[in-house]
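Work through these exercises with the model open beside you. Try each task before you read its solution.

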Amino acid sequence: MANFDNIRLEKGLYCGGSFTGALESIDPSENYKGSALEGLDAYQRQLKRFDIKVSGAGSDVVEKFFKTSDSATLFPEYVARAVRQGMEEANVLPKLVASVTNIDSLDYRSIMSVPTDDDKALKEVAEGAAIPQTVVKTRENLVRLRKRGRMLVASYEAIRFQRLDLFTVTLRQIGAYIAKAQLADAIDVILNGDGNDNAAAETAAAGASLTYADLVNLWKDLDPYEMNVLIANNADAVNMLNFSEFKDSAAGLNFHATGKMITPIGAELIRSSSLESGKIIGLDKNCALEMVKAGDVLTEYDKLIDRQLERAAITSIAGFAKIFTDASRILNA
């Protein structure tokens with residue numbers, strides 16, 4: 001069994017992009033199967049080594065990380081994990097994104113396939129005849145990646161005696177801000193395209209105000225794709241929930257019991273203030289959008305270790321690309 005108590009921790013472990021991954025290469029978790037440490041990853045074993053508790057009523061104070069130079073090296077990873085937790089808690093992108101692509105550069109060109117109505121029919125092929133083709137090619141323009149983040153500003157003296165459990169709440173909120181900004185980026189790509197002349201097509205409402213019939217028309221126009229997600233701002237979402245069709249016993253019971261807004265059409269309703277009033281997006285989450293990530297949550301580990309906070313940037317770089325352009329559609333109400 002590897003001896004995790006004797007690992008020398010240094011800033012260089014962050015240079016590869018994944019601190020935990022670097023630790024795992026030195027101290028593999030598979031070596032702890034059947035032991036009391038089974039189920040902990042390499043980073044969590046280091047927390048145990050220095051007896052640092054980051055959650056719960058008995059959590060330690062921030063100062064505990066800085067007792068030694070080795071334990072101080074663990075602090076940026078604690079920050080990154082807390083931010084990621086906040087992103088995951090506030091993140092609705094998994095409900096919109098069909099595929100997530102991780103890259104190790106800032107340049108990425110997605111692929112595209114634009115089938116015609118004839119291609120989608122998949123007609124019978126006669127004996128000896130050519131089989132119809134589906135052409136897949138790279139897009140003309142690169143996916144635009146955006147860096148989103150927050151500056152963490154705090155002196156070590158101001159937070160050294162704060163409990164980590166409380167400090168985690170602030171870091172989780174930073175993660176929630178990043179997730180909200182990335183959702184806005186995704187909505188912008190759905191509406192306006194990813195720079196490859198692929199903005200979503202539009203369906204016009206029949207009258208001056210939104211009706212249930214307009215949603216049915218949006219569902220119809222998205223064919224042959226399945227409309228399993230609706231995105232609307234708060235005002236339009238409230239309007240929809242007041243439709244008589246949304247007040248049937250089954251839909252109402254689910255909303256009152258779980259808070260999940262499920263429409264009679266079968267699509268999940270997602271609220272976002274990033275979408276302007278009068279525009280509602282219908283999409284097939286299995287075909288519409290690709291998320292491209294350049295690494296995970298990044299922290300300025302030098303500042304967090306050597307300068308004990310002061311000002312440190314916490315960032316995430318991601319972008320979005322259309323997969324099938326007609327797998328999303330806009331209802332203009």
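The exercises below go from ring pairs to a helix, a sheet, a loop residue and the cysteines.

**Before you start**

This is a predicted model: local features need pLDDT of at least 70, side-chain atom pairs count only at pLDDT 80 or more, and totals for chains, interfaces and linings use all residues. Residues are numbered from 1 along each chain as its sequence is written, and side-chain values use heavy atoms, with hydrogens and water left out.

**Exercise 1. Ring pairs**

Task: Find the aromatic pair formed by Phe4 and Tyr32, and classify it.

Solution:
- Step 1. Recall the rule. Rings of Phe, Tyr and Trp (its six-membered ring) pair if their centres lie within 6.5 Å; planes under 30 degrees apart count as stacked, over 60 as edge-to-face and the rest as tilted.
- Step 2. Search the whole structure. The search gives 12 aromatic pairs.
- Step 3. Take Phe4 and Tyr32. Their centres are 6.2 Å apart and their planes make 65°, so the pair is edge-to-face.
- Step 4. Locate the partners. Helices (H or I, at least four residues) and strands (E, at least two) are DSSP runs, numbered from the N terminus. Phe4 lies in the segment before α1 (19-26) and Tyr32 in the loop between α1 and α2 (42-49), so the pair ties together parts that are 28 residues apart in sequence.
- Step 5. Check burial. Buried means under 20% relative accessible area, exposed over 50%, partly exposed in between (1.4 Å probe, protein chains only). Phe4 has 12% relative accessibility and counts as buried. Tyr32 is buried too, at 0%.
- Step 6. Compare another pair. Tyr14 and Phe19 are stacked, with 4.3 Å centre to centre and 15° between the planes. Both Tyr14 and Phe19 are buried.
- Step 7. Look for a cluster. Ring pairs join Phe65, Phe66, Phe75, Tyr78, Tyr156 and Phe167.

**Exercise 2. Helix α4**

Task: Compare the span of helix α4 with the expected span, then find what Glu77 touches.

Solution:
- Step 1. Count residues. Helix α4 covers residues 75-90, which is 16 residues.
- Step 2. Get the expected span. The rule is 1.5 Å times one less than the number of residues. For α4 the expected value is 22 Å.
- Step 3. Compare. From first C-alpha to last, α4 reaches 23 Å, close to that value.
- Step 4. Pick a residue. Glu77 is found in α4. Its relative accessible area is 7%, so Glu77 is buried.
- Step 5. List its contacts (heavy atoms within 4.5 Å). Leaving aside neighbours within four places in sequence, Glu77 touches Tyr14, Phe19, Thr20, Tyr43 and Arg84.

**Exercise 3. The sheet**

Task: Give the strand order of the open sheet, and say how β8 sits in it.

Solution:
- Step 1. Apply the pairing rule. Two strands pair if DSSP finds at least two bridges between them.
- Step 2. Read the order. The 5 strands run β5-β12-β8-β6-β7, and the pairing is mixed.
- Step 3. Find the edges. They are β5 (201-204) and β7 (268-271), each pairing on one side only.
- Step 4. Follow β8 to one neighbour. β6 (residues 229-232) and β8 (residues 279-283) are antiparallel over 3 bridges. Ile231 stands opposite Ile281 in β8.
- Step 5. Follow β8 to β12. Here 5 bridges join the antiparallel strands. Ile280 faces Leu331 in β12.
- Step 6. Sort the side chains. Lys279, Ile281 and Leu283 point one way from β8, Ile280 and Gly282 the other way.
- Step 7. Check burial. In β8, 5 of the 5 residues are buried, so the strand is largely enclosed by the rest of the structure.

**Exercise 4. Gly193**

Task: Where is Gly193 found, and which residues does Gly193 touch?

Solution:
- Step 1. Locate it. Gly193 is in the loop between α7 (164-192) and β5.
- Step 2. Check burial. Gly193 is buried, at 11% relative accessible area.
- Step 3. List contacts. Not counting residues up to four places away in sequence, Gly193 touches Asp188, Asn198, Ala199 and Lys322.

**Exercise 5. Cysteines**

Task: How many disulfides are there?

Solution:
- Step 1. Use the cut-off. A disulfide is a pair of cysteine sulfur atoms within 2.5 Å.
- Step 2. Count. The result is 0 disulfides.
- Step 3. Check two cysteines. Cys15 is exposed at 59% relative accessibility. Cys287 is buried at 18%.
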